[in-house]
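Reader: I should like to understand how the terms used for a protein model are justified. Could you please take me through them one at a time?
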Amino acid sequence: MTERDDSARTRGEARLGQEFAGETFHVDLLGGRSYHDFLELDKILDAQPSITGAHDEALFFILHQVKELWMKLMLHELEAVFPLVRGDDLRPAFKIFARVKRIQENLIQAWHILTTMTPADYLKFRDGLGRSSGFQSFQYRSIEFVFGNKQRETIAPFADMPEIVARLTALLERPSLYDEVVMLLARRGHAIDQAVLERDWSQGREPDGSVMAAWRDIYRSSPRNWELYELAEHLIDIDDLFQTWRFRHRNAVERVIGHKIGTGGTSGVGYLTRATAIRLFPELWAVRTEM
């Protein structure tokens, strides 16, 4: 180290000392829980496997684990919305929707990070992934079921995990968030067909004329339907962000593996391309044409 480097380090340490002058930091916790303990960092930081030793394994595993944590929080928030919608208490629901949208933005950003990995980088550890696939994420499937994109056959990959099958089946067979919103429209006086309000909740729903008529009335008379108007815009934001997530996922996969068969045994790009066309709340999109 040169004399100039040593002088610069001394000045830096002096500034650091001034910055924390007068502050008191707990260095002896006397058996209390530290930041490290509270977050259980030993578990989190030791949870990344090293299968092949390839450099980009760390990126791949950490990014997907972080996404699963964001999805866990997203499901936690969405569960809190259900009783609020059922109780016609929309103001606190809007706050939760705002948080869900921020989580979605972080999930979308994750794909941008993944695209810094080239095909050559991925091939160095791809075989070590075996038959694992993002299609096997039960939390992603849970989010789709909560929003109403339901297909019973998508539970099949979890057949050897009975607790997850039970959890997904419960979500499949109860009303989705959008079903609850449609029932709310009926309680607020909009003429929703009875067949929409009493149906097999495990089935995916088709766009319905009575639901579209309700949204059309809400948009055209927003001053007297302001809460429902605001609810509609939160839902369209969430649907838009969800579709953007799928699109970024599709493009990230094509950038890394092209149209090859993925580790899960399907054409990842083909499946994800079809998924980008799915509308979670179709009447909210269709009504814009009819306005």
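Author: Let us begin with contacts. In this predicted model, residues 24 or more positions apart account for 71% of the contacts in the protein chain with a separation of 6 or more.

Reader: What makes two residues a contact?

Author: The term requires heavy atoms within 4.5 Å. The 71% share refers to contacts with a separation of 6 or more.

Reader: Which elements does the protein chain have?

Author: The protein chain has 14 helices and zero strands. Read from the N terminus, the elements run α-α-α-α-α-α-α-α-α-α-α-α-α-α.

Reader: What share of the protein chain is buried, and what does the word mean?

Author: A residue is called buried when its relative accessible area is under 20%. Of the 291 residues in the protein chain, 41% are buried. The accessible surface of the protein chain comes to about 16500 Å², and 55% of that surface belongs to carbon and sulfur atoms.

Reader: Why is the pair R246 and E144 called a salt bridge?

Author: The cut-off is 4 Å between a side-chain nitrogen of Lys or Arg and a carboxyl oxygen of Asp or Glu. The side chains of R246 and E144 meet at 3.0 Å, N to O, so the pair satisfies the definition. This pair links distant parts of the chain, with R246 in helix α12 (residues 226-257) and E144 in helix α7 (residues 138-147), 102 residues apart. The structure holds 18 salt bridges.

Reader: Are R246 and E144 buried or exposed?

Author: R246 has a relative accessible area of 3%, and E144 has a relative accessibility of 3%. Each value is under 20%, so R246 is buried and E144 is buried.

Reader: What makes E173 and R152 a salt bridge?

Author: Their closest N and O atoms are 3.4 Å apart, which is within 4 Å. E173 lies in helix α8 (residues 162-173) and R152 in the loop between α7 and α8, so the pair ties together parts that are 21 residues apart in sequence.

Reader: Why is E173 called partly exposed, and why is R152 called partly exposed?

Author: Partly exposed covers values between the 20% limit for buried and the 50% limit for exposed. E173 has a relative accessibility of 43%, so it counts as partly exposed. R152 has a relative accessible area of 43%, so it is partly exposed.

Reader: How do you know that R250 and E254 meet in a salt bridge, and where do they lie?

Author: The N to O distance between their side chains is 2.4 Å, again within 4 Å. Both residues lie in helix α12, four residues apart, about one turn of the helix. An α-helix has 3.6 residues a turn, so residues three or four places apart point the same way. R250, at 15%, is buried, whereas E254, at 30%, is partly exposed.

Reader: Which residues are joined into one network by salt bridges?

Author: Salt bridges that share partners join R141, E144 and R246 into one network.

Reader: Which residues of helix α14 are buried, and what do they pack against?

Author: In helix α14 (residues 282-290), the buried residues are P282, E283, L284 and V287. They pack against α9 (177-187), α11 (209-220) and α12.

Reader: What lines the second largest pocket, and how many residues of each class are there?

Author: The lining includes F147, K150, R205, I278 and P282. By class, the lining has four nonpolar, four polar and three charged residues. About 150 Å³ of space lies in the second largest pocket.

Technical notes: Residues numbered from 1 in each chain as written. Predicted model: local features only at pLDDT ≥ 70, side-chain atom pairs only at ≥ 80, totals over all residues. Heavy atoms only, no water. 1 Å grid on protein atoms, 1.4 Å probe; cavity = no way out; pocket = protein on both sides within 12 Å on 5 of 7 lines; lining within 4 Å. Points joined across faces, edges and corners; volume = space filled by probe spheres on them. Nonpolar A, V, L, I, M, F, W, Y, C, P; charged D, E, K, R; others polar. Helix = DSSP H or I, 4+ residues; strand = E, 2+ residues; numbered from the N terminus. Buried < 20%, exposed > 50% of the residue type's maximum accessible area, 1.4 Å probe, protein only. Areas by Shrake-Rupley, 256 points an atom, 1.4 Å probe, with all protein chains shown as cover.
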